[in-house]
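This report describes the fold of one protein chain, beginning with a pair of helices and then moving to the sheet and to individual residues. Please keep the sequence and the 3D view open while reading.

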Amino acid sequence: MRQNGTAQQNYGYWVKIATRASVSVALTLIVVKLWAWLVTDASSMLASATDSMLDSLASLFTFFSVRYALQPADREHRFGHGKAESLAALVQSALITGSALLLLVHSGQQLWQGGSVSQPTLGIYVSVFAIAMTLALVMLQRVAIRHTDSKAIAADHLHFQSDLLLNSAVIVALLLSAYGWWWADSAFAILIAIYLAWGAIRIGWEAFQGLMDRELPLADKEKIVEVLVETPGIHGWHDLRTRASGPTRFIQCHVELEDELSLRKAHDIADGAEQKLRALFPDTDVIIHMDPLSAVPRPEQTNATSD
C-alpha cells in the first residue's frame, strides 16, 4: 500500500491531540457535574452528568481505537486497521442510546412523582463552566477533523456539539425551576434524552455504512472520473469501485487502452493516472487494471459515476 508519509504523520498528530483533549474534558466534567447533582438533586443535571460519563467512555474507546487504526498494514490485515474508527463510532452510538433510554425512564418517573430542585444557582454555574470547556474542545476537534477527516473524531465532535445545547437546556431548566416551574427540570431532561437518542442513531448509521464499505461521495467519484478522462491514452473506463477505511481511501477501476500499445507504454499511462489520483487524494491506495479496447464489450459498458 502506497501512502503519503507526511499526510499520515499529520493525521496521527491531530487525532492524538483531539482524543487526549476529549478524554480530559469528559473526566473533568464528570466530577464537577456529579457533585452538582448530589447538591441540587436536579434531573437535568443528572442528565448532563450521565452524558459526560458517556462522553468519557466513548472518548476512551476512541482514544484506543484510533491508535489501533493508525497501525500500518500487516500480514493479517493487508488493508490496514482503519475500520477500527467506524467500530469506535458504532460503540459510541450504542452507549449514547442506552444512556438516553435510562435517562428517559428516570426523568419520566420524577415528572410523575413530582419533585423540587435545591440550590439551582450552583447548577447554573456548573453548566456555564461546562459550556466553556466544551466550546474550547469543539473548536479543537473542528481543526482536527479539517486535517484528518476522521470518522471517530467526527462522531466525538457531534456528541460534544450536542453538549453545548444540552448544557444550555440545563441552565434554562434550572432557571424555570427556581421560579416555581418544578416540572421544567424533568421535562427538559426528557427532551435531552430524545435528542441524544436521535444523535446516536445518526452516528450509528454513518458508522455502519463505513463498516459496509460504502462508496466514496459522488463529488469524489466525479473527480476520479475527470482524472481518468483527461489522462492521455485512456479511451474509456469501467468497473469503478471505491471505499474508505479510516484515513485511507481505496480506488479500483479498469481503463481502456489501444490494443497495439506495448506493455511498458500501457503501464506508464496507468501509472500516470494513479499518481494523479494519489496527488488529488492523499493516503489513497489505487489499483488500475488495463484492458485493450477490443476486449471491452461495448453494449454492456456503463460509464456511470454511481453503481
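## The packed helix pair

Helices α7 and α8 pack with their axes 10 Å apart and at an angle of about 150°, where axes are lines fitted to C-alpha atoms, for helices over the stretch in contact, and angles run from 0 to 180 degrees between N-to-C directions. The crossing in which α7 passes α8 is right-handed, a term used when the near helix is turned clockwise from the far one by less than a right angle, left-handed being the anticlockwise case. On the α7 side the contact is made by K223, I224, V227, L228 and E230, and on the α8 side by A273, K276, L277 and L280; contact here means heavy atoms within 4.5 Å.

## Basis of the description

The model is predicted, and for that reason local features need pLDDT of at least 70 and side-chain atom pairs count only at pLDDT 80 or more, while totals for chains, interfaces and linings use all residues. Residues are numbered from 1 along each chain as its sequence is written, and side-chain values use heavy atoms, with hydrogens and water left out.

## Overall composition

The protein contains eight helices and three strands, which follow one another along the sequence in the pattern α-α-α-α-α-α-α-β-β-α-β. These elements are DSSP runs numbered from the N terminus, helices being H or I over at least four residues and strands being E over at least two.

Of the 307 residues, 47% count as buried, meaning under 20% relative accessible area, whereas exposed means over 50% and partly exposed lies in between (1.4 Å probe, protein chains only). Among contacts with a separation of 6 or more, 76% are accounted for by residues 24 or more positions apart.

## The three-stranded sheet

The strands form an open sheet in the order β1-β2-β3 with mixed pairing, two strands being paired if DSSP finds at least two bridges between them. β1 and β3 are the edge strands, each pairing on one side only, and neighbouring strands of the sheet are turned on average by 10° against each other, direction ignored. Burial is extensive in two of the strands: eight of the 10 residues of β1 are buried, and for β2 the count is likewise eight of its 10 residues.

The two pairings differ in sense, since β1 and β2 are antiparallel over eight bridges, whereas β2 (residues 248-257) and β3 (residues 284-292) run parallel and are joined by nine bridges. Between β2 and β3 the chain crosses through helix α8 (residues 263-280), and this β-α-β crossover is right-handed: with the strands pointing away from the viewer, the path from the first strand over the helix to the second runs clockwise.

## Helices against the sheet

Both helices of the packed pair also lie against the strands. Helix α7 (residues 218-230) lies across β1, β2 and β3 and runs at about 140° to β1, while α8 lies across β2 and β3 and runs at about 150° to β3.

## Bridge partners and H238

Individual bridges trace the register of the sheet. From β1 to β2, G236 has E256 as its bridge partner, H238 has H254 and R241 has Q252; on the β3 side, H254 stands opposite H289, and V255 has M290 as its bridge partner.

H238 belongs to strand β1 (residues 236-245) and is buried, with a relative accessible area of 12%. Its side chain makes a polar contact of 2.9 Å with the side chain of E256, a polar contact being a pair of N or O atoms within 3.5 Å in which, within protein, one must be able to donate a hydrogen and the other to accept it, and residues adjacent in sequence count only if both atoms are side-chain atoms.

## Distant approaches to helix α3

Helix α3 (residues 83-113) includes I96, which is buried at 2% relative accessibility. The C-alpha atoms of I96 and A200 are separated by 5.8 Å, although these residues are 104 residues apart along the chain.

L90 is also placed in helix α3 but counts as partly exposed, at 31% relative accessibility. Residues up to four places away in sequence aside, L90 touches G204, A207, F208 and L211; for L90 and F208, 118 residues apart along the chain, the C-alpha separation is 6.9 Å.
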